Amino acid sequence: MKRHILSFGTLLILTMGIYAQTAPNFTTSPVTDAIQDTPYTYDADATDPDIDDVLTFSIELNPGWLSIDPNSGLLTGTPGNDDVGLNSVTIRVSDDGGLYD
């Protein structure tokens, strides 16, 4: 008598949605005027359609007298006499996926 060995496998079929990672977006407009020797503040706010993403704020182009809270987006600083004139500033908000605005 011949013996047959049978092998049983389990096939698992998963149906899942795959969603594209999306970048965060700023939802506020910056305060563009600052006065010498007067504290400047701008509370940058942003949202991300990816609900679980943690947002991080940073300054990419800084005239030197500004700082930003990486968690809240609060931009603060006091320009001095040497800062009078045009100051270019770029802030960025990034998400967990490395996408940014």
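Of the contacts in the protein chain between residues at least 6 apart in sequence, what percentage join residues at least 24 apart? The answer is 60%, with contact meaning heavy atoms within 4.5 Å.

What you're looking at is a predicted model, so local features need pLDDT of at least 70 and side-chain atom pairs count only at pLDDT 80 or more, while totals for chains, interfaces and linings use all residues. Residues are numbered from 1 along each chain as its sequence is written, and side-chain values use heavy atoms, leaving out hydrogens and water.

**View 1. The whole chain, with seven strands and zero helices.** Here's the overview before zooming in. Reading from the N terminus, the elements go β-β-β-β-β-β-β. Helices (H or I, at least four residues) and strands (E, at least two) are DSSP runs, numbered from the N terminus. The chain has 101 residues, and 22% of them count as buried. Buried means under 20% relative accessible area, exposed means over 50%, and partly exposed is in between (1.4 Å probe, protein chains only). The accessible surface adds up to about 7800 Å², with 54% of that belonging to carbon and sulfur atoms. These areas come from the Shrake-Rupley method with a 1.4 Å probe, and for residues only the protein chains shown count as cover.

**View 2. The largest nonpolar core, a set of twelve residues.** A nonpolar core is a set of buried Ala, Val, Leu, Ile, Met, Phe, Trp, Tyr and Cys residues joined through side-chain atoms within 4.5 Å. The members here are Tyr 40, Tyr 42, Ala 44, Ala 46, Leu 55, Phe 57, Trp 65, Leu 66, Ile 68, Leu 75, Ile 91 and Val 93. At least two residues of this core come from each of β2 (40–43), β5 (66–68) and β7. Zoom in on Tyr 40: setting aside residues up to four places away in sequence, Tyr 40 touches Val 31, Asp 33, Ala 34, Trp 65, Leu 66, Leu 75, Thr 76 and Gly 77.

**View 3. Asp 50, buried yet with no salt bridge.** Asp 50 sits in the loop between β3 (46–47) and β4 (56–61). A salt bridge needs a side-chain nitrogen of Lys or Arg within 4 Å of a carboxyl oxygen of Asp or Glu. The nearest side chain of opposite charge to Asp 50 is Arg 92, 15 Å away; for charge, Lys and Arg count as positive and Asp and Glu as negative, with His and the chain ends not counted. What Asp 50 does have is a side-chain polar atom 2.9 Å from the backbone nitrogen of Thr 22. Beyond its neighbours within four places in sequence, Asp 50 contacts Ala 20, Gln 21, Thr 22 and Asp 95.

**View 4. Asp 95, another buried Asp with no salt bridge.** Follow the chain into the segment after β7 and you'll find Asp 95. Its nearest side chain of opposite charge is Arg 92, 10 Å away. A polar atom of the Asp 95 side chain lies 3.0 Å from the backbone nitrogen of Gly 97. Apart from neighbours within four places in sequence, the contacts of Asp 95 include Asp 48, Asp 50, Asp 53, Val 54 and Leu 55.

**View 5. Gln 21, in the segment before β1.** Gln 21 counts as partly exposed because its relative accessible area is 37%. The Gln 21 side chain makes polar contacts with the side chains of Asp 53 (2.7 Å) and Asp 95 (3.1 Å). A polar contact is a pair of N or O atoms within 3.5 Å; within protein, one must be able to donate a hydrogen and the other to accept it, and residues adjacent in sequence count only if both atoms are side-chain atoms. Gln 21 and Asp 95 are 74 residues apart along the chain, and their C-alpha atoms are separated by 9.6 Å.

**View 6. Leu 99, in the segment after β7 (90–94).** With a relative accessible area of 29%, Leu 99 is partly exposed. Leaving out neighbours within four places in sequence, Leu 99 contacts Gln 21, Thr 22, Ala 23, Pro 24, Val 93 and Ser 94. Its C-alpha is 9.9 Å from that of Leu 55, 44 residues away along the chain.

**View 7. Asp 33 and Asp 37 in the loop between β1 (25–26) and β2.** Asp 33 counts as exposed, since its relative accessibility is 64%. C-alpha to C-alpha, Asp 33 is 10.0 Å from Leu 86, with their positions 53 residues apart in sequence. Asp 37 is exposed as well, at 54%. Most residues other than glycine have a negative phi. Asp 37, though not a glycine, has a positive phi of about 65°.
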